[in-house]
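Student: Please give me a close look at one part of this model, the nonpolar core, and then place that part within the rest of the chain.

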Amino acid sequence: MSRFHTQDAKNLLSKLTARRLWNGLKVWSSYYISKWTKKPVQWGYPISISFEPTNFCNLRCPECPSGLRSFTRPTGMLQKDFFRQTIDEMHRELLYLVFYFQGEPYLNPNFLEMVKYASDKKDLHGHIYQCALPDG
Ligand code: SF4
């Protein structure tokens, strides 16, 4: 059963700006216009993005492509310059940022620096999902 996290909801709502609301309205309306006209319409920027600091992990969980080393794409680390450029371009429209896709985020040596960079864009709401603790 999911629980409603009041503080998290308040924090997210406190990050809403007129620009983000307008962007969200553009995304929402382009979805419905595409659905009704059956033609692709894309307005606005994403309201949420997920970065993958790395797809590598030091554990070998058997249900996970990272643990099984079974990716069909190269294993590597997110480059901080690419991260910064993306944040610089999108932070005014972006409402929600996630630091996880696959792999263990803390294994990227620039991870905390990237979190600080995003955090310094004071009005961004972010979540860090951690899968495993790195080896000492
Ligand atoms: S700790 Fe997480 S990322 Fe690592 S192998 Fe297990 S499930 Fe995959």
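Tutor: What follows starts with the ground rules, goes through the core and the helix that serves it, and ends with residues elsewhere in the chain.

The model is predicted, so local features are given only where pLDDT is at least 70 and side-chain atom pairs only at pLDDT 80 or more, while totals for chains, interfaces and linings use all residues. Residue numbers start from 1 along each chain, as its sequence is written.

First, the layout. The chain has four helices and three strands, where helices (H or I, at least four residues) and strands (E, at least two) are DSSP runs numbered from the N terminus. Along the sequence they come in the order α-α-β-α-β-α-β. Of the 136 residues in the chain, 14% are buried; a residue is buried if 20 or more other C-beta atoms lie within 10 Å of its own, exposed if 12 or fewer, and partly exposed in between, with C-beta atoms placed from the backbone. Two residues are in contact if their C-beta atoms, again placed from the backbone, lie within 7 Å. Among contacts between residues at least 6 apart in sequence, 72% join residues at least 24 apart.

Now the core. A nonpolar core here is a set of buried Ala, Val, Leu, Ile, Met, Phe, Trp, Tyr and Cys residues joined through C-beta atoms within 7 Å. The largest one has 10 residues: F51, L78, F83, L94, L95, L97, F99, F111, M114 and A118. Helix α4, residues 111-120, gives the largest share of this core, three residues.

In α4, the buried residues are F111, M114 and A118. They fall within an arc of 65° seen down the helix axis, so they line one face of α4; the arc is that of the directions from the helix axis to the C-beta atoms. E113, K116, S119 and D120 are exposed on the other side of α4.

L78 is a core member that lies in a loop, the one between β1 and α3. L78 counts as buried because 21 other C-beta atoms lie within 10 Å. Apart from neighbours within four places in sequence, L78 is in contact with F51, E52, P53, T54, F83 and N108. T54 is 24 residues from L78 along the chain, and their C-alpha atoms are separated by 5.9 Å.

F83, another core member, is also part of the packing between α3 and α4. Two packed helices are described by the angle between their axes and the distance between the axes. For α3 and α4, the angle is about 15° and the axes are 11 Å apart. Axes are lines fitted to C-alpha atoms, for helices over the stretch in contact, and angles run from 0 to 180 degrees between N-to-C directions. The two helices are therefore roughly parallel, since angles under 35 degrees count as such, with over 145 roughly antiparallel, 65 to 115 roughly perpendicular and the rest oblique. The crossing of α3 and α4 is right-handed, meaning that the near helix is turned clockwise from the far one by less than a right angle; anticlockwise would be left-handed. K80, F83, R84 and I87 of α3 make the contact with E113, M114, Y117 and A118 of α4.

Elsewhere in the chain, W22 sits in helix α2, residues 18-37. W22 counts as exposed because it has 12 C-beta neighbours inside 10 Å. W22 and E93 are 71 residues apart in sequence, yet 8.7 Å apart C-alpha to C-alpha.

V41 belongs to the loop between α2 and β1. With 14 other C-beta atoms within 10 Å, V41 is partly exposed. Beyond its neighbours within four places in sequence, V41 is in contact with S30, I33 and S34.

K38 is in the loop between α2 and β1, and R69 in the loop between β1 and α3. Most residues other than glycine have a negative phi. K38, not a glycine, has a positive phi of about 60°, and R69 has one near 55°. K38 counts as exposed with 6 C-beta neighbours inside 10 Å, and R69 is exposed with 11 other C-beta atoms within 10 Å.
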